[in-house]
Amino acid sequence: MTSGATVWLTGLPSAGKTTIAYELAGRLRAEGHRVEVLDGDEIREFISAGLGFSREDRHTNVQRIGYVAELLARNGVKALVPVIAPYTDSRDAVRKRHETNGTPYVEVHVATPVEVCSERDVKGLYAKQAAGELTGLTGVDDPYEEPASPDLRIESQHQSVQESAASVYALLTEKGLA
């Protein structure tokens, strides 16, 4: 059985978190690792339905995802979590849960600038915000607290998806998790 771990990819909307997670998942699965991607949109639909985007609701959502990720990871699964998680205290609580249970946890900051994210605008959120149809967009009119010292910082605008996933893979290898 391979050892589990949680890889939390945090960053702004359209930073590339989910794309990197799925690229990494493919590589890990090809090597025989058990992998699950806990996509933030899917979690909101199935586990956190009914939560809004207030600070309290965002914190609750992150804690729920962190619980599921830690549960998977301590049972030998690589849990890849591409979730914005805009608040430091929420991310710290997830890290602490992992540490308390002796479960490996890696934080990756996908540090794509908001200008690049708004050009990518995968879900049309930045356009809606600019048109006045959406408020509370993380990194624009709602806060995003960048991690002070993530295990890895990726500037996805300067490298390919494959290179970004490879740098996360290299970190996992360095930590004996890949």
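Where is Pro13 found? In this predicted model, Pro13 is found in the loop between β1 and α1. The residue is buried, as its relative accessible area of 7% falls below the 20% limit. Beyond its sequence neighbours up to four places away, Pro13 touches Ile84, Cys117, Leu125, Tyr126, Leu137 and Thr138.

Pro13 belongs to an annotated segment. The unreviewed UniProt entry places the feature "binding site" at Gly11, Leu12, Pro13, Ser14, Ala15, Gly16, Lys17 and Thr18. Of these residues, Pro13, Ser14, Ala15, Gly16, Lys17 and Thr18 are included in the lining of the largest pocket. Thr18, in contrast to the loop residue Pro13, lies in helix α1. With a relative accessible area of 27%, Thr18 is classed as partly exposed because this value lies between the limits of 20% and 50%. When residues up to four places away in sequence are not counted, the contacts of Thr18 are with Asp39 and Pro82.

The same unreviewed UniProt entry type carries the feature "domain: APS kinase", placed at residues 4-154. Over this span, helix accounts for 44% and strand for 15%, and the end C-alpha atoms lie 22 Å apart.

The nonpolar interior was examined next. In soluble globular proteins, nonpolar side chains tend to be buried together. The largest nonpolar core in the model holds 28 residues, of which Leu24, Leu80, Val108, Val168 and Leu172 touch the most other members. At least two residues of this core are supplied by each of β1 (5-10), α1 (17-30), β2 (35-37), β4 (105-110), β5 (152-154) and α7 (161-174). A second core, separate from the largest, comprises 12 residues, among them Trp8, Leu38, Val62 and Ala79. For Leu24, the contacts beyond four places in sequence are Leu80, Ala165, Val168, Tyr169 and Leu172. Three of these partners, Leu80, Val168 and Leu172, are also listed with Leu24 among the core residues that touch the most other members.

Aromatic side chains were considered separately. The count of aromatic pairs comes to zero. Two arginine side chains are nevertheless placed over aromatic rings. The charged end of Arg44 sits over the ring of Phe53, at 3.9 Å from the ring centre. Arg55 lies over the face of Tyr87, and the distance to the ring centre is 3.9 Å.

Notes:
Residues numbered from 1 in each chain as written. Predicted model: local features only at pLDDT ≥ 70, side-chain atom pairs only at ≥ 80, totals over all residues. Heavy atoms only, no water. Phe/Tyr/Trp six-rings, centres within 6.5 Å; stacked < 30°, edge-to-face > 60°. Lys NZ or Arg CZ within 6 Å of the ring centre and 35° of its normal. Core = buried A, V, L, I, M, F, W, Y, C linked by side-chain atoms within 4.5 Å. Buried < 20%, exposed > 50% of the residue type's maximum accessible area, 1.4 Å probe, protein only. Helix = DSSP H or I, 4+ residues; strand = E, 2+ residues; numbered from the N terminus. Contact = heavy atoms within 4.5 Å. UniProt positions renumbered as here; feature names shortened; annotations may be inferred. 1 Å grid on protein atoms, 1.4 Å probe; cavity = no way out; pocket = protein on both sides within 12 Å on 5 of 7 lines; lining within 4 Å.
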